[in-house]
Amino acid sequence: MNKVKRRGSGATAITSVSNVSSAPVHSATQRMRVLLQDLQAIEQHSKIPAVPFTATVDAVFSKASAELSTLKQQCLGRVDSIHRLMLGRIIVVDLNELGHFRSIASAVQAAQSGDTVVVRGGTYVENITIDTEGFTLQPGRPDTVTIESCQATPVFTIRAAATVRGFNIDQQNPTQCAILITAPTATAAAAGTQSSSVVDDHVVGQQQQASSPSSSSSPSPSSSPPPPLGCTSLDHHHGGGGVWSGDRCCVFEDCVVQTVNLTAISVSCAAIIKACRIQRTMKHGIHITNAANPLIEDNIISANGKHNILVGARANPTIRHNMIKLSGGNNINVQKRGCPLITMNTIHDGTDSNIMIETDANPQITNNKIHHSRKCGVCFAEFSEGTLEGNDIYENAYSNVICLKGSTGFVTDNNVHHSQQHGMTLRSGSTPTVVANYIWSNALNNLKVEQPEDPNLVHKENITTIAPTAPSSNAGLLHPR
C-alpha cells in the first residue's frame with residue numbers, strides 16, 4: 001500500500017489501493033476484507049483527492065470470484081469421487097459358487113459405474129460384452145484367470161469406457177480377434193461424456209491349456225456367502241483410462257499378444273497402444289484402419305507373418321519409441337493416403353523393406369534407426385510422397401533408400417551408409433528433393449541416378465561420385481521440384 005502524511009497532521013492516509021491484490025493474505029475473502037479496511041481508511045480523510053477505486057474493487061472481486069469458482073469445482077470433484085467410492089461395490093465371480101456369480105458375463109451385466117468385478121482363479125469359457133461405463137474388471141490375483149471363447153465372436157466386445165486388466169485370453173476361433181473395441185453406445189455418446197476404455201496387462205494367444213468346467217451364465221447361491229454387494233476393500237480400484245487427442249479412446253498397455261491366427265490388434269479409433277509385446281501372429285501385428293490416429297509407443301513388435309504395422313488408407317497414427325523387427329513382409333507399410341508420424345524407432349530385419357511408402361502416401365519419417373532389411377531400408381513407391389529426415393539408414397541388402405517413378409519425397413539430413421548395394425537409388429521419372437545427406441561407404445554407388453525422363457531435372461554439379469569407402473556430403477539439391 002502507498003501511504004502519505006496529511007498536511008498538518010500526524011495521521012497517515014492511503015491514496016491508492018492498486019497493490020491490494022499482492023497483500024500477504026491467504027484467501028479471496030481475506031483480500032476483500034483488507035480492501036474494505038483500506039477503503040474505510042481513505043473515507044476518513046475526505047481531503048484526499050479522489051482516485052478510481054471502483055475498478056480496483058471490481059478487479060479484486062473478479063479475482064476472488066475466479067478463485068472461489070475453481071475451489072468449488074475442486075470440491076465438487078472430490079465429492080463425486082467420494083460418492084463413487086461409497087457406492088462402488090465388489091462383485092465376486094467364482095466357478096465354485098463361492099461368489100455372487102459363476103460367470104463373468106453375468107457379473108458384468110450387473111455391474112454399475114464405480115463397481116469392481118473381481119474374478120477368482122480358473123478357466124472361464126464365455127464371451128463377454130461390456131456396455132456399462134466406469135467399472136473395473138480384473139482377476140483377484142494376477143495370472144490366475146483364463147478366458148476362452150465359446151462362440152464365433154471376440155472374447156471381449158467392449159462398447160463403453162471400462163477398465164479390463166490382467167486376464168489370459170485365448171481366442172480359439174481362427175476367424176475372430178480376441179478383443180474388439182467399438183464406438184461408445186448411443187446413450188453414452190449423447191451424454192457427451194469424456195470417456196475411454198482401458199485394456200491392459202493381458203496375455204492374448206491361442207489355447208494354452210485344457211478347459212476347466214465351463215461357467216454358467218446365471219448367478220448361483222453360494223455355499224459360503226460372499227461379502228454383500230455394497231462392501232468395499234483395500235484392493236478396490238475404479239475405472240478410468242487414457243485420452244489421446246481428447247477423444248474417447250481405448251488403451252492397450254503392458255499386453256502380450258502372440259500366436260494369433262489373424263491380426264493381433266486392429267485399431268479404428270484414437271487408441272493408445274503402449275509397452276506391449278506383439279509377436280508371432282499369422283498376419284499383421286497392428287492394423288490401423290478407418291482414418292484412425294492412435295498413439296503407438298514403447299512397444300516391441302516382432303516376427304509377425306506379414307507387416308508388423310500396417311497403416312491403412314487415410315490413417316495418421318503417431319508411431320514412436322518402438323522396436324519394430326523381423327517382419328514377414330514390411331516392418332511398416334503405409335498405404336494410400338496414409339500420413340503417419342514415424343519417429344525415434346528402431347526398425348530392422350524386415351523380410352521386404354523396413355518401411356514401404358505406397359502410392360499417394362505421405363508419411364513423416366524422422367530420427368529413426370533403419371537397418372538390415374533383406375531388401376530396401378526405405379522404399380518410396382511410384383507416385384508416393386513423404387519426408388525422410390534425420391534418420392540413420394544402414395546395412396540394408398539393396399538400396400538404403402530407393403525412389404521409384406513418380407515419387408516426390410523430401411530427403412534431407414540422413415546418414416546413409418554401408419548398404420550392400422547402393423546408398424540411394426533414384427529411378428527414372430522420380431523427382432525427389434535430396435539435400436544435405438551424408439552418404440558414404442556403400443558397396444556399389446553412394447548415389448545412383450538412372451536416366452530421368454527430363455535430363456534438366458538433374459543438377460550434375462551436385463552429384464559427387466566417389467569411392468565407396470570415402471564419405472560423401474550431398475550438400476546441394478538434386479531433382480528440385
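## Burial and overall make-up

A residue is taken as buried when its relative accessible area is under 20%, as exposed when that area is over 50%, and as partly exposed in between, with a 1.4 Å probe and protein chains only. By this measure 47% of the 481 residues of the protein count as buried. The model is predicted, so that local features need pLDDT of at least 70 and side-chain atom pairs count only at pLDDT 80 or more, while totals for chains, interfaces and linings use all residues. Residues are numbered from 1 along each chain as its sequence is written, and side-chain values use heavy atoms, with hydrogens and water left out.

The protein contains four helices and 42 strands, where helices (H or I, at least four residues) and strands (E, at least two) are DSSP runs numbered from the N terminus. It exposes about 22,200 Å², of which carbon and sulfur atoms supply 52%; accessible areas come from the Shrake-Rupley method with a 1.4 Å probe, and for residues only the protein chains shown count as cover. Among contacts (heavy atoms within 4.5 Å) between residues at least 6 apart in sequence, 49% join residues at least 24 apart.

## The sheet of nine strands

An open sheet of nine strands, paired in parallel, follows the order 17-20-23-26-29-32-35-38-41; two strands are said to pair if DSSP finds at least two bridges between them. Its edges are formed by strand 17 (265-267) and strand 41 (447-449), each of which pairs on one side only. Neighbouring strands of this sheet are turned against each other by 10° on average, direction ignored, with axes being lines fitted to C-alpha atoms (for helices over the stretch in contact) and angles running from 0 to 180 degrees between N-to-C directions.

Within the sheet, strand 26 (residues 332-334) and strand 29 (residues 355-357) pair in the parallel sense over three bridges, and Ile 332 stands opposite Ile 355 of strand 29.

## The sheet of three strands

Another open sheet is built from three strands in the order 6-9-12, again with parallel pairing. Strand 6 (128-130) and strand 12 (179-181) each have a single partner strand, so one side of each is left without a neighbour in the sheet. The average turn between neighbouring strands of this sheet is 10°, direction ignored.

Strand 6 runs parallel to strand 9 (residues 156-158) and is joined to it by three bridges, with Phe 156 of strand 9 as the bridge partner of Ile 128.

## Loop residues with positive phi

Glu 97, in the loop between strand 3 (90-93) and helix 3 (104-110), has a phi near 60°, a positive value in a residue other than glycine, and is partly exposed at a relative accessible area of 32%. Phe 383, in the loop between strand 32 (378-380) and strand 33 (387-389), likewise is not a glycine and has a positive phi of about 60°; its relative accessible area of 45% makes Phe 383 partly exposed.

## Aromatic rings and cysteines

Rings of Phe, Tyr and Trp (its six-membered ring) pair if their centres lie within 6.5 Å, with planes under 30 degrees apart counted as stacked, over 60 as edge-to-face and the rest as tilted; this rule gives one aromatic pair. The ring centres of Tyr 438 and Trp 440 are 5.8 Å apart and their planes stand at 40°, so the pair is tilted. Tyr 438 is partly exposed at 39% relative accessibility, as is Trp 440 at 22%.

The whole structure has zero disulfides, a disulfide being a pair of cysteine sulfur atoms within 2.5 Å. For Cys 379, the nearest cysteine sulfur is that of Cys 376, 5.3 Å away. Cys 379 is buried at a relative accessible area of 7%, whereas Cys 150 is partly exposed at 43%.
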